[in-house]
Amino acid sequence: MLRGAATAPVVHTGRGPRRRYDAAASGPVAVAGVAGALTTELRPGDLVVAGEIRRNGTELPSPAAVLLHGELLRLGLPARLGPVYSAEHVVTGRARAALAESGALAVDTETAFLAADAPDGQAVALRAIVDTPDAPLLSPGTLWRGVRALRSLRAAAPALDRWSAATGEREILLAGPRSFCAGVERAIEIVEQALDRFGAPVYVRRQIVHNSHVVHELARRGAVFVEELDHVPEGAVVVLAAHGVAPEVRRQAERRRLRVVDGTCPLVSKVHAEVRAFAAADKTVFLIGHAEHEEVVGTRGEAPENVVVVADPEEATRVSPPDPDRVAYVTQTTLAVAEAEATAAVLRQRFPALSGPRKDDICYATTNRQQAVRAVARESDLVLVLGSRNSSNSLRLAEVAAAEGVAAYLVEDAGEIELNWLAGTRRIGVTAGASAPPHLVDDLVEALSGLGALRVRHTTVTEESIRFNLPREVS
């Protein structure tokens, strides 16, 4: 049945502790077979990947389960991730109900006994559901359900192939700095403090920072994310996101009598102030950045008649201000340094009178993380960047790594890693965008540890100690 998983030896065993293979495994082990569902949410043919393998009060972790689960989902297969319990015999009646209450998704008679022979944390288990609470094993239709389960396992064989090809010893190079910057920490703390002080719900205009994990966690605690302020009840508390807003948004908040807590990053506020100053001097302001990004939308709103967004060097060759002697430029804070400088260089060449910010607009965190990922990329076979796809600084990190000639991928979390990326890699660089929680890096490293022995090395280019004060409304 699993002969499709051709890249690893296949050992056929039986059920219970006496049917283990002859010798302890020298490397990662995948256990595959059928199981009974403990929840009515599972149906015959559904697949369960054991996020945790249980037996008689003992628990075996399976760090790489999230990688296998993600691979099954990409194949379009109905797969769940959760605990699997192994018993020495078929479990029915009250004993099965008790297992269901423990939170386990499925029960079998092999997984824990076989996984125990794998190196610590290097077993994955894939089970296909045959029987369910409302369709027990000893009931009509079991044969048909068994055929359906075996078909699901056969369809999963490519995922097991990729898991097998991805196994092996590795070194992980952790880029430093990585993950949260001071502006992001401040923005998240503002929402948390607002919830503590004012109680739920606290409304947040747009995503407080561009990361889905952060948004989901704050939403769980009572934050309500809205696109525009007309979705906020009059008089309610609203937090403005870290990317900044146009003055018109603040005026709208005043009209609706909202209690505003400003989460704008101080470094973004600096760029807003520069635009106001240049516009007051009647200069055309070239805003180097991506027109659709929220930070650029908000910054442009400070003086829309004076601001011209310039995305790249090619656009810089075409802009035509009313007075070439009255021009200035500012920069989106999350751009790649080389990208922004190339555009600014064209503007300086075309307009000798061009004014600029006294201090670089690209924030320290963006610069530091780009330098760090560049350093690890030069030593790596592969670079993985943790961050959401709407995060500009995270996207730039993947681009900077790729510019060093290495394969680089932006992933939301460990579950998005495709196993075929890992095949043949022995040194993997890992970083995270300034809006990505640090625990995502820990989770990713743990997942990779399930594929073989792992050594972790830190590559730190600088230390960060900056911290921004909270606004008075929540301090």
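Modeller: A residue is called buried when its relative accessible area is under 20%, exposed when that area is over 50%, and partly exposed in between. The structure above is a predicted model.

Colleague: With that in mind, is His210 buried or exposed?

Modeller: His210 sits in the loop between strand E8 (202–205) and helix H7 (212–220). Its relative accessible area is 7%, and since the cut-off for burial is under 20%, His210 counts as buried.

Colleague: Which residue has a side chain that makes a polar contact with the side chain of His210?

Modeller: Leaving aside residues up to four places away in sequence, His210 touches His243, His293, Glu294, Ser388, Asn390, Ser391 and Ser435. A polar contact of 3.2 Å joins the side chain of His210 to that of one residue in this group, namely Glu294.

Colleague: How many residues are in the protein, and what share of them is buried?

Modeller: The fold is built with 16 helices and 18 strands, and its C-alpha atoms fill a box of roughly 85 × 50 × 40 Å along the principal axes. The accessible surface comes to about 21100 Å², with 50% of that surface belonging to carbon and sulfur atoms. Counting residues, the protein has 475, and the buried share is 55%.

Colleague: Among contacts between residues at least 6 apart in sequence, what percentage join residues at least 24 apart?

Modeller: One pair that links separated parts of the sequence is the salt bridge between Arg455 and Glu171, which ties together parts that are 284 residues apart. For the protein as a whole, among contacts between residues at least 6 apart, the share joining residues at least 24 apart is 77%.

Colleague: In which strands do Arg455 and Glu171 lie?

Modeller: In this salt bridge the closest N and O atoms of Arg455 and Glu171 are 2.5 Å apart, and Glu171 is buried, at 5% relative accessibility. Because the two residues belong to strands that are far separated in numbering, the pair ties together parts 284 residues apart in sequence, with Glu171 in strand E7 (residues 170–176) and Arg455 in strand E18 (residues 454–460).

Colleague: Why are Arg251 and Glu248 separated by about one helical turn?

Modeller: Side chains of opposite charge can pair when their charged atoms come close. Arg251 and Glu248 form a salt bridge with their closest N and O atoms 3.1 Å apart, while Arg251 is partly exposed at 42% relative accessibility and Glu248 is partly exposed at 37%. The separation of about one turn arises because the two are 3 residues apart in helix H8 (residues 247–255).

Colleague: Which of the salt-bridge partners Glu302 and Arg276 is buried?

Modeller: The side chains of Glu302 and Arg276 meet in a salt bridge of 3.2 Å, N to O. Glu302 lies in the loop between helix H10 (294–300) and strand E13 (307–310) and Arg276 in helix H9 (residues 266–280), so the pair ties together parts 26 residues apart in sequence. Arg276 counts as partly exposed at 42% relative accessibility, whereas a relative accessible area of 18% falls under the 20% cut-off, so the buried partner is Glu302.

Colleague: Which residues do salt bridges with shared partners join into one network?

Modeller: The count for the structure comes to 34 salt bridges. Salt bridges that share partners form one network, and its members are Glu171, Glu379, Arg427, Arg455 and Arg457.

Colleague: How many residues of helix H13 are buried?

Modeller: Helix H13 (residues 364–377) has 14 residues and reaches 20 Å from its first C-alpha to its last, close to the 20 Å expected at 1.5 Å a residue. Its buried residues include Tyr364, Arg369, Val373 and Ala377. The helix is mostly covered, and of its 14 residues the number buried is 11.

Colleague: Where does Thr111 lie, and with which side chain does the side chain of Thr111 make a polar contact?

Modeller: Thr111 is found in helix H3 (residues 111–115), and its relative accessibility of 0% makes it a buried residue. Not counting residues up to four places away in sequence, Thr111 touches Val31, Ile53, Ser86, Ala125 and Arg127. Its polar contact, at 2.4 Å, is with the side chain of Asp108.

Colleague: Which residues make the nonpolar surface patch of about 300 Å²?

Modeller: Leu138 lies in the loop between strand E6 (123–131) and helix H4 (142–155), and Leu138 is exposed, with a relative accessible area of 85%. The patch includes Leu138, and its full set of residues is Val90, Leu137 and Leu138.

Note on methods: Residues numbered from 1 in each chain as written. Predicted model: local features only at pLDDT ≥ 70, side-chain atom pairs only at ≥ 80, totals over all residues. Heavy atoms only, no water. Helix = DSSP H or I, 4+ residues; strand = E, 2+ residues; numbered from the N terminus. Buried < 20%, exposed > 50% of the residue type's maximum accessible area, 1.4 Å probe, protein only. Polar contact = N/O pair within 3.5 Å; in protein donor to acceptor, adjacent residues only side chain to side chain. Contact = heavy atoms within 4.5 Å. Patch = residues over 30% accessible without salt bridge, like charges linked within 9 Å, V, L, I, M, F, W, Y side chains within 5 Å. Areas by Shrake-Rupley, 256 points an atom, 1.4 Å probe, with all protein chains shown as cover. Salt bridge = Lys/Arg side-chain N within 4 Å of Asp/Glu carboxyl O. Expected span 1.5 Å × (residues − 1).
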